[in-house]
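This report introduces a single protein chain to a reader who has not met it before. Please keep the sequence and the structure in view while reading.

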Amino acid sequence: MILPALLLIAGSEAPDVEVDEPSYEHDCSAQPKQDFELRLVASDIHYAGIGFGAYSNEPVLNIEFSETGYDKFAAVQKGRIGKRFALCFEDKLLSTPVLNEYIYGRTAQVSGGYTIEEITELQTRMNKDTETTEEP
């Protein structure tokens, strides 16, 4: 699993201790939903596109949220600056990025160690799933 910068892993904990950080093996389909999970479905994404970081020139994933997608993202952001959250799409863990700063608009950028192939795969998957939910 790759560590995106935009969008730190809890050590091993006793089974009865509540963890407030996702792990690399986090199960996005498990119930109940945790406070640190951003569970998105196709209707939460207007568009996902490939870009390059302004300073690093590394591949990034640009995401434009729908209104409901942004509402979900806004709820997850509370109190998470400098902490990880689980970025789930269609019940699959995409990454466990660190939230560097609050995002106030409907767009976000996921960066940090992705190859162009990995970004292209994520972008294709998100747009493919988004296209299937759009009305003609």
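## Backbone, helix and charged pairs

Glu90 is partly exposed, because its relative accessible area is 32%. The model described here is predicted. Glu90 lies in the loop between strand E4 (86-89) and E5, and although Glu90 is not a glycine, its phi is positive, at about 50°.

Asn57 also deserves attention. Its phi is near 60°, a positive value in a residue other than glycine. Asn57 is placed in the loop between E2 and E3. With 56% relative accessibility, Asn57 counts as exposed, since the term applies to values over 50%. A positive phi, of about 70°, is likewise found at Gly79, just after H1.

The report now turns to the helix itself. Which residues of helix H1 (residues 67-77) are buried? They are Gly69, Tyr70, Phe73, Val76 and Gln77. Seen down the axis of H1, these buried residues fall within an arc of 120°, so they line one face of the helix. In general, an α-helix has 3.6 residues a turn, so residues three or four places apart point the same way. The face of H1 turned away from the buried side carries the exposed residues Glu67 and Ala75. Among the elements that cover the buried residues of H1 are strand E1 (37-40), strand E3 (59-65) and strand E6 (107-110).

Charged side chains form a further topic. Side chains of opposite charge can pair when their charged atoms come close. The count comes to three salt bridges, and the table gives each pair with the distance between its closest N and O atoms.

| Basic residue | Acidic residue | Closest N and O atoms |
|---|---|---|
| Arg39 | Glu37 | 2.9 Å |
| Asp44 partner: Lys72 | Asp44 | 2.6 Å |
| Arg106 | Glu67 | 3.6 Å |

Arg39 and Glu37, which form a salt bridge, are both buried.

Asp44 forms a salt bridge with Lys72. This pair links distant parts of the chain, 28 residues apart: Asp44 is in the loop between E1 and strand E2 (45-52), and Lys72 is in helix H1. Asp44 counts as buried at 2% relative accessibility, whereas Lys72 is partly exposed, with a relative accessible area of 33%.

Arg106 forms a salt bridge with Glu67. Here too the pair links distant parts of the chain, with Arg106 in the loop between strand E5 (92-95) and E6 and Glu67 in helix H1, 39 residues apart. Arg106 is partly exposed, and its relative accessible area is 38%.

Key: Residues are numbered from 1 along each chain as its sequence is written. This is a predicted model: local features need pLDDT of at least 70, side-chain atom pairs count only at pLDDT 80 or more; totals for chains, interfaces and linings use all residues. Side-chain values use heavy atoms; hydrogens and water are left out. Buried means under 20% relative accessible area, exposed over 50%, partly exposed in between (1.4 Å probe, protein chains only). Helices (H or I, at least four residues) and strands (E, at least two) are DSSP runs, numbered from the N terminus. The arc is that of the directions from the helix axis to the C-beta atoms. Contact means heavy atoms within 4.5 Å. A salt bridge is a side-chain nitrogen of Lys or Arg within 4 Å of a carboxyl oxygen of Asp or Glu.
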